[in-house]
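Grab a pencil and keep the viewer open. Here are a few exercises, each followed by a worked solution.

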Amino acid sequence: ALQVGIVGLPNVGKSTLFNALTSAKAEAANYPFCTIDPNVGVVTVPDPRMDKITTFIKPQKVIPTTMEFVDIAGIVKGASQGEGLGNQFLSHIRQTDAIVHVVRCFDDPNIVHVAGSVDPIRDIEIINTELLLADLDSVEKRLQRIEKQAKNSTDKKLKAEVEVAKKVQEALGKGLPARSVTLDEFEMPLLKEMHLLTAKPVLYAMNVSDSDFAAGGNDWTKAVIARAAEENNKTIMICSAMEAEIALLPPEDRADFLAALGAEEPGLNRLIREAYTLLGLQTYFTAGEKEVRAWTIRANTKAPQAAGVIHTDFEKGFIRAETYHCEDLFNYKSEQAVKDAGKYRVEGKEYVVKDGDILFFRFNV
Ligand code: GDP
């Protein structure tokens, strides 16, 4: 499963956020997995389209799709050189596909800041420097190894790998993340194979007090938003303490609580969706009277591979997909009406599934 790592300095609200994410999940019906270990939580991906589908096709069961969050503790200044938990945290981040970087944008005299004061830009730089140094170290080690090999070899891939590693090394040397390096289609997968920390997409989660959340931010969030824009990264504002409270409320009280805050949904839902998008993920649905279910695919997935997410046999024996878009269902209100309007289609092996498609697969067994 695709994983999002939650990183940040100590005492910025990572665990509070992680616990809110994982306790909210426990409420979801038909939850197909369980918590893997204390630091990994499986979270259902909230999708308003799914609720809407169930108002037209009334199923016995509704099964949302899921993704995983990992609480990565232990990054402090000097971590890449072995400070704190040292390199232990790095191996955890390497396994993740994207990063949510929590930054402290709240002041609270009772909660010690590891660097002595609230300064989210400095915090971002501390963490990013550690990730960068760790990458520099691993790229240099790799280069030492593959440059020698490439000299005595005609292997094109190996030579290309050396070129990519050099480009990355140069960028890192200038303080730029690996993701900032421009690469072509052939080089991209080579970068991926290096499992670099600064190659992963980042979302900054700005943790604010509930009053600043209501006010729409503060000077610290403004600074983080400006910094993120320079880096081409996205931001999201959350109040993790409040999210933790909301997650603990019985579902029937949640709507009232949110309404009192002037919010339509918990901030966690926005965070999960943003992380999902950050991973380049999309959703298609299967919908029948028995069950409406959401499935996760990467963007640009063709119908047989989309079917393979349900079962490998669906992909192997794929014949065709019958499909319409959920927006068609919302417009025409029933599958029959969608058919009558000529919006129900038959698609073959080359069909690229779209986000929000409702699909039925025909296959040989
Ligand atoms: P971590 O070390 O980054 O995992 O931080 P924690 O989630 O353990 O939070 C550290 C302390 O900050 C805890 O005492 C939390 O209750 C508190 N905290 C977390 N988020 C907020 C917040 O939004 N506002 C305030 N005032 N305190 C918070």
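**Exercise 1. Work out how strands E5 and E6 are paired, and place them in their sheet.**

Step 1: strand E5 (residues 98–104) and strand E6 (residues 202–207) run parallel and are joined by six bridges. Strands here are DSSP runs of E with at least two residues, helices are runs of H or I with at least four residues, and both are numbered from the N terminus. Two strands pair if DSSP finds at least two bridges between them.

Step 2: to see one of the bridges, find Ile99, whose partner in E6 is Val202.

Before going on, a word on the model. It is predicted, so local features need pLDDT of at least 70 and side-chain atom pairs count only at pLDDT 80 or more, while totals for chains, interfaces and linings use all residues. Residue numbers start from 1 along each chain as its sequence is written.

Step 3: zoom out to the open sheet, where six strands follow the order E2-E4-E1-E5-E6-E7 with mixed pairing. Strand E2 (40–44) and strand E7 (234–238) are the edges; each has a single partner strand, so one side of each has no neighbour in the sheet. On average, neighbouring strands of this sheet are turned by 25° against each other, direction ignored.

**Exercise 2. Find which strands helices H4 and H8 lie across.**

Step 1: helix H4 (residues 120–151) lies across E1 and E5, and runs at about 145° to E5.

Step 2: helix H8 (residues 219–231) lies across E5, E6 and E7, at about 160° to E7. Contact means C-beta atoms, placed from the backbone, within 7 Å. The angles run from 0 to 180 degrees between N-to-C directions, with axes fitted to C-alpha atoms, for helices over the stretch in contact.

**Exercise 3. Describe the two pairings of strand E9.**

Step 1: strand E3 (residues 61–63) runs parallel to strand E9 (residues 291–298), with three bridges between them. Look for Lys61 opposite Glu291 in E9.

Step 2: strand E8 (residues 281–287) runs antiparallel to E9 and is joined to it by seven bridges. Here Leu281 sits opposite Arg298 in E9.

Step 3: follow the chain from E8 to E9 and you'll find a hairpin, with three residues between the strands.

**Exercise 4. Decide whether Asn11 and Asn300 are buried, partly exposed or exposed.**

Step 1: the cut-offs are 20 or more other C-beta atoms within 10 Å of a residue's own for buried, 12 or fewer for exposed, and in between for partly exposed, with C-beta atoms placed from the backbone.

Step 2: Asn11, in the loop between strand E1 (3–7) and helix H1 (14–25), has 14 such neighbours, so it is partly exposed. Its phi is near 65°, positive although the residue isn't glycine.

Step 3: Asn300, in the loop between E9 and helix H12 (303–310), has 11, so it is exposed. Phi of Asn300 is near 70°, again a positive value in a residue other than glycine.

**Exercise 5. Map the shell around the ligand.**

Step 1: 16 residues surround the ligand, and the closest are Gly13, Lys14, Ser15, Thr16 and Ala241. A residue counts as near if its C-beta atom, placed from the backbone, lies within 6 Å.

Step 2: H1 and helix H9 (240–248) are the elements giving two or more residues. The largest share, three residues, is from H1.

Notes: Two residues are in contact if their C-beta atoms, placed from the backbone, lie within 7 Å.
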